[in-house]
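Here are some notes to read alongside the model, written for someone who is meeting a structure of this kind early in their studies. Please keep the sequence and the picture open while going through the points.

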Amino acid sequence: MAKPDFEIPKLDGPVKTPPIKKGASAHMSIYPAKEQMMTTMGFPAHRVDNWREAAIAKLGELKEKYKSLNVFLDICVKCGACADKCHYFLGTGDPNNMPVARQELLRKVYRKNFTVGGKLFGSMANAEDLDEDVLKEWVTYFHQCSQCRRCSVFCPFGIDTAEFSMAAREIMDSIGVGHKYSVEIIGKVNETGNNLGIPKPALIGTLEFLEEDVKETTGVDVRFPLDEQGADVLMIVPSADFFSAPHVDSLVGYAKVFHAAGVSFTFSSHASEFANFGMFIGNYDQMRKIATRIADAARELKVKRIVVGECGHAWRVAYNFWNTLAGPFEFLDPKHPMPMHICEFTNNLIKQGALKLDKSANDEFTVTYHDSCNVARASRMGDDPGGQFEIPREILRAVCNKYVEMPDSVNREKTYCCGGGGGLLTDELMELRVKGAAPKAAALKEMIDKKGVNMMAMICAICKAQFTKVLPYYDIPMEAVGGVHQFVSNAIQLGDK
Amino acid sequence: MSLLFVVLSYAAVAVFFCGMTYKLWGYAITPSPLKIPTTPQPTTLGGVIKRNIIEVTTFASLFKGNRWTWLGGYAFHVILLFVVVRHIRLFINPVPPLLAEIQPYALLVAMLLPLPLLYLLVRRISVDRYAYISSTADHFALLLLIFIGLSGVTLKFLSHSDMVNIKEFLLGLVMLCPVDIPAHPVFLIHFSLVLALAYYFPFSKMLHAGGVFFSPTRTQVENVREMRHINPWAK
């Protein structure tokens, strides 16, 4: 870890609301997308000449297409309930990171161009035309929103800032102002089937290595099949699960669960990626394209069902959007939910007593659980609302002897984002990521100091990548981060069933 | 002068109702391409209706978010309800006995209207976060309501007006046979401010009054597994 050239927030107890510091995170900005990547996506390569008019026209178009935006642009009363709820505001103190202020960056342009009050009274109504400075604010602050929806929980009207940052990014892309990280990743997923750009031979190599590795440690032939026609289950995972630590330990866990259940599964090289960055940039067509390729893979491999791995935003897209984007999935077995989360799959087996588990295998860990934002506030698992909170916890309690809860103020629907979600998991935003992680890191630090916690489990690839990278800034070892199925993997007893 | 007020009154009613209908109808017909409820969210329509009734009668989310803001905001809205109910008697004849009976009690609550508004204004100015997000429009909305409240209280307690004449004027408006407006200065101020509020309402953040019922994060049923959601504009 390089020595940072910024101040690391001090963690002593739960984070407090900071005094506002104007411009505190104005310097944290993104790299622009390369021309060729923008063109591949169908966006203008450069900022277009009539960018102001084009942006306003796009805003008008989105307002007609999205009820959320159309309503949210009008009804905020600026009560401020959201003001101290954003992890980036708590970490930086920059007032533009207060959700309401972030929304106002778009709303002021809306007022100037679309409302009577804004046209008549200008700045008195906080109405402003889109100019160089405002565009710069958009680029900066709409890339300081991880679309975690925490603000919307506390809003009396449920206004969701994610809808604003998605719309703003869509507008910016449409005038040729793109973010390198997201645009490149979408380019890779379209080209290679996954966000990391892993070619098929490398994927085969990894899966073969994992088979050998599991054989060596357990003595059991656990399979990691790729592109096997006629398997029961198409398993879709975040591509980090193939290559990154600690992600890969959960991948091993999924394979062991399928093995123990006697359910055949396959990965797909065409759709080796669960993530869908189309959502982060608010682009419906890209989001649909990425989702459709998964439906195509499922058809082609003639599977009966789709199960998905540990990834937060992708679970939101899969659970809430897939059927709309790429459905209907009438070719799948209707007995199973489409899609099913691996946690639902595993927990069902545990409840049926179909897995042999040795909890003591995890005795070196005192585990707590981090609710990932998109799972917590934008999806469900199981039959009842809130199942997305309880099912991963039930699994952890079933596979670990020592499990403890985080405080309510940072848990379940009130969980804080890891600081790297929403397409911000990129190096140029490291200062933002470190500061944005402060609220959750502070809670974890307390758990470590007071409860002896040495492991925070989670079910999101971005959370895992972000925390392993930023927790060391807070003197918390990166080894304190793990996936839920890594503990399933440790505890599960194969072979003698 | 009476003619001016009569014209302004009818115009206010027209602007308010047409404006609100135009905006709310616009919300209603805007498509929701995707399911975006903020979860956990009820999985049945009944559950969602119940959640929203609880939300608009208790401001539950605001309560979770900030108890002090909730206190001011909730108190204001409850008092406003009393104020509105109390005023119904001026627009109908005869007055139902129940409405007449509750007048003195409702008055005890209604007269407090300026207090939570002043509290909200002070809070908006003095807390750095709220000062940052507040524009003239936000102060204007509070001040307008404060002056409506103060002029109303003045009319009731300090500068007694002839309620019979006022009711005659308002009933005249309702019955579409307008009579002269009482030339009581405080009443004229009070009435003008209320007209201003009606004009302002559909063009301002006060739209939240109807808009809240169109917020997709709160009003969508969380039932994607049971029912495929269709995007009407997907090609």
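1. A helix is here a DSSP run of H or I with at least four residues, and helices are numbered from the N terminus. With that in hand, one can place Arg149(A), which lies in the loop between H7 and H8 of chain A. Please bear in mind throughout that this is a predicted model.

2. Arg149(A) deserves a careful look, since its phi is positive, about 70°, although the residue is not a glycine. For comparison, most residues other than glycine have a negative phi. Is Arg149(A) buried or exposed? Arg149(A) counts as buried, because it has 27 C-beta neighbours inside 10 Å, and the cut-off for that label is 20 or more.

3. Asn126(A) can be read in a similar way: this residue, which is not a glycine either, has a positive phi of about 50°. Its place is the loop between helix H6 (116-121) and helix H7 (132-141) of chain A, and with 21 C-beta neighbours inside 10 Å Asn126(A) counts as buried.

4. Chain A is divided by the domain assignment into domain 1 (44-177) and domain 2 (186-491), whose centres, taken over C-alpha atoms, are separated by 31 Å. Contact between the two involves 19 residues of domain 1 of chain A and 20 residues of domain 2 of chain A. On the domain 1 side, helix H4 (87-92), helix H8 (150-154) and helix H9 (161-174) of chain A each supply at least two residues, and this side divides by class into seven nonpolar, seven polar and five charged residues.

5. The largest nonpolar core has 180 residues, of which Met235(A), Ile236(A), Ala291(A), Leu396(A), Ala457(A) and Phe487(A) touch the most other members. Because domain 1 (44-177) and domain 2 (186-491) of chain A both give residues to this core, it lies between them. Once neighbours within four places in sequence are left aside, the contacts of Ile236(A) include Ala271(A), Phe274(A), Ile306(A) and Val308(A). A second, separate core has 15 residues, among them Phe76(B), Ile79(B), Ala110(B) and Leu117(B).

6. Chain A also holds an open sheet of four strands, in the order S2-S1-S3-S4 and with parallel pairing. Strand S2 (265-266) and strand S4 (340-341) of chain A stand at the edges with a single partner strand each, so one side of each is left without a neighbour in the sheet. Strand S3 (residues 305-308) of chain A pairs with S4(A) in the parallel sense over two bridges, and Val307(A) stands opposite Met340(A) in S4(A).

7. Where the two chains meet, chain B gives 53 residues to the contact and chain A gives 58 residues. Which element provides the largest share of the side of chain B that touches chain A? That share, five residues, comes from H7(B). By class, this side of chain B has 21 nonpolar, 22 polar and ten charged residues.

8. Finally, two peptide bonds of chain B should be checked by eye, given that most peptide bonds are trans. The bond from Thr39(B) to Pro40(B) is cis, with omega near 0°, and Pro40(B) has its place in the loop between H1 and helix H2 (45-58) of chain B. Another cis peptide bond joins Asn93(B) and Pro94(B), with omega about -5°, and Pro94(B) is in the loop between H4 and helix H5 (97-110) of chain B.

Key:
Residues numbered from 1 in each chain as written. Chains lettered and ligands numbered in written order. Predicted model: local features only at pLDDT ≥ 70, side-chain atom pairs only at ≥ 80, totals over all residues. Pairing = 2+ DSSP bridges. Contact = placed C-beta atoms within 7 Å. Nonpolar A, V, L, I, M, F, W, Y, C, P; charged D, E, K, R; others polar. Domains from an automatic or database assignment. Buried ≥ 20, exposed ≤ 12 C-beta atoms within 10 Å, placed from the backbone. Core = buried A, V, L, I, M, F, W, Y, C linked by C-beta atoms within 7 Å.
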